[in-house]
Each structure stands twice: as structure tokens, then as C-alpha cells.
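Q: I am new to this structure and would like to begin with a single part. Could you pick one spot, look at it closely, and then lead me outwards from there?

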Amino acid sequence: MIKLIDLTMKISRETPVFPGYPQPIIHRWTSLKEEGYYSNMIFMVEHTGTHMDSPAHFIEGAPTIDEISPEKFFAKAVTLDFAKKKPGEVVAEREVDDALNRLDVNPGRGWYILFRFGWDTVRGEEWVRYPYLSDGVAEMIKSMGVEGIGIDTPSPDIAPFNVHKILLPESIVIVENMSNLGMVVNRVFELAVLPIKISRGSAAPVRAIARLA
Ligand SMILES: [Zn+2]
């Protein structure tokens, strides 16, 4: 039986945002009672909730979110478990290598590697003290030539954002703030990750869905 799992964070006024970014505003524009039809206006940074970073987020003249090929939106994915990592801890190259060997998978073109830290349930101060990937892990991912990576933390790195700077020039996209990765951990599955087509967007919110056979 096919099972679909939603890997997307809900967007509301309470959605946590990266330091310096505004909370999203969802404002009722029309109502059934007044105008006869219900609608809302949304105001938020492109990097709110579960979203895909385009290469243009860090590189001058690189593809923006509307220029990313739809081929990147459907892929095979594997979720690696790093739920034991503490705030501010780093994932080393060897740990990723071990995790992939244990699962006997060899991701490359047409694949995403997802990293589960369990951060989708963390809120408050600790949310911004997330564990992250070493530069060595980013180099390793670059050499694999995957389509993208995904994580359930706000970012795969901390300032000066080396993981972004290593992966984005290769057009390896980064999906941040994923949810429910614990439901697909240590598994291989089909991933759909569809960004809104924002003209010249540096990123865009996505709906990310896992399809388990
Ligand atoms: Zn982002």
C-alpha cells in the first residue's frame, strides 16, 4: 500500500523564523460574512517555514527559484538519523559515510539526502542553537552530485554559511525547516518538493511529501 507523509511545517503567526526575519503575517482579506468569499493576505520572507533555497540566495547571477528545473522537484530520498546531536554539535563526514553504509545506499544524481535532527518539535531559544553539517560533509555531498539536501533545522550551517556556499554553486538545492522526518528515518522513498514559482525568488515555500511504497 502506498503511504504519503507530509514533511512540511505549517505556516502561521507562530511559525519560528530565522533571527532577523519577521514573523509571518496572515491577515484576513475577505470573509464569508462580509464579501461572501473567504481569503487571506500573507506577508512573509521567502525563507519562512519549509522552503527551498535557490543558488541565487548566495551567488550573484545564479538561478533564482523560478529558474530551477522541475526535474529537481521529484527525487529519490534517504533520511539519515542524527537525532542524538545536541544544540550546536557538528555532523562529521565519517558519520554520514557510516549512516549511508549501514543503509547500503549510494545517493547521486536524482537523489536528495535528508538529515533528521528532530528539530521540528524544538521551539524557543534552543531552536536557533541547532546542530549542523561540517564543511567536509558539504564537500562529500558535492562530490556525490545529488539534486539537493533537506534538514529539519533552520539551516545546514551557521555563519559564514559554508555549506550553502559549497552546495549552491553546484545547483544542489537546500530544503530547510522540514517536518516529520522521524516518520521516514533510515528509509529510501520518493520525495516531492514543490516550490512556489516566485519571480526572481531567492527561495520559496514548498510542500514536501514522502511517498512510501
Ligand atoms: Zn533558506
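A: Let's begin at Leu100, which is buried, with a relative accessible area of 4% (buried means under 20%, exposed over 50%, and partly exposed in between, with a 1.4 Å probe and protein chains only). Before going on, please keep in mind that this is a predicted model, in which local features need pLDDT of at least 70 and side-chain atom pairs pLDDT 80 or more, while totals for chains, interfaces and linings use all residues. Residues are numbered from 1 along each chain as its sequence is written, and side-chain values use heavy atoms, without hydrogens and water.

Leu100 sits in helix H1 (helices, of at least four residues in H or I, and strands, of at least two in E, are DSSP runs numbered from the N terminus). What does Leu100 touch, once its neighbours within four places in sequence are left aside? Its contacts (heavy atoms within 4.5 Å) are Val78, Leu80, Val105, Pro107, Met140 and Met144. As for Leu191, 91 residues separate it from Leu100 in sequence, and the two C-alpha atoms are 18 Å apart in space.

Two of the names on that list, Met140 and Met144, lead us to a second helix. Helix H1 spans residues 93–103 and helix H2 spans residues 135–144; their axes come within 8 Å and cross at roughly 45° (axes are lines fitted to C-alpha atoms over the stretch in contact, with angles from 0 to 180 degrees between N-to-C directions). H1 and H2 are therefore oblique to each other (under 35 degrees is roughly parallel, over 145 roughly antiparallel, 65 to 115 roughly perpendicular, and the rest oblique). On the H1 side, Glu93, Val96, Asp97 and Leu100 make the contact, and on the H2 side Gly136, Val137, Met140 and Met144 do so. So our starting residue, Leu100, is part of the meeting of these two helices.

Follow helix H2 and you will find Asp135 there. Unlike the buried Leu100, Asp135 is partly exposed, with a relative accessible area of 37%. Apart from its neighbours within four places in sequence, Asp135 is in contact with Asn162 and Ile166. From Asp135 to Val91 the C-alpha distance is 9.4 Å, although their positions lie 44 residues apart in sequence.

Now go back to where helix H1 ends. Asp104 lies in the loop between H1 and strand S7 (111–116), and at 69% relative accessibility it counts as exposed. Look at its backbone: Asp104 has a positive phi of about 55° although it is not a glycine. Most residues other than glycine have a negative phi, and most peptide bonds are trans.

Another positive phi, of about 60°, belongs to Ser171, which is not a glycine either. Ser171 is found in the loop between H3 and S10, and its relative accessibility of 28% makes it partly exposed. Before helix H3 (162–167), the loop from strand S9 (148–151) holds Pro160, and the peptide bond from Ala159 to Pro160 is cis, with omega near 5°.

A little beyond Ser171, strand S10 brings us to the metal. Which residues hold the zinc ion? They are His47 through ND1, His51 through NE2, Asp53 through OD and Glu176 through OE, at 2.2 to 2.3 Å (donors are N, O and S atoms within 2.8 Å of the metal, or 3.2 Å for Na, K and Ca; water is not among the atoms, so sites may look incomplete). Along the sequence, these donor residues follow the spacing H-x3-H-x1-D-x122-E. His47 lies in the loop between strand S3 (39–43) and strand S4 (51–53), while Glu176 is in strand S10 (residues 173–176), so this pair ties together parts 129 residues apart in sequence. His47 is buried at 7% relative accessible area, and Glu176 is buried at 4%.

After strand S10 comes a loop to strand S11 (188–195), and Ser179 lies in it. Is Ser179 buried or exposed? With a relative accessibility of 10%, Ser179 counts as buried. Its contacts, leaving aside neighbours within four places in sequence, are Asp6, Leu7, Thr8, Met9 and Asp120.

One last stop is Glu126, in the loop between S7 and strand S8 (132–133). Glu126 is partly exposed, with a relative accessible area of 37%. Beyond its neighbours within four places in sequence, Glu126 is in contact with Pro87 and Trp119. Pro87 is 39 residues from Glu126 in sequence, yet 6.9 Å away in space, C-alpha to C-alpha.
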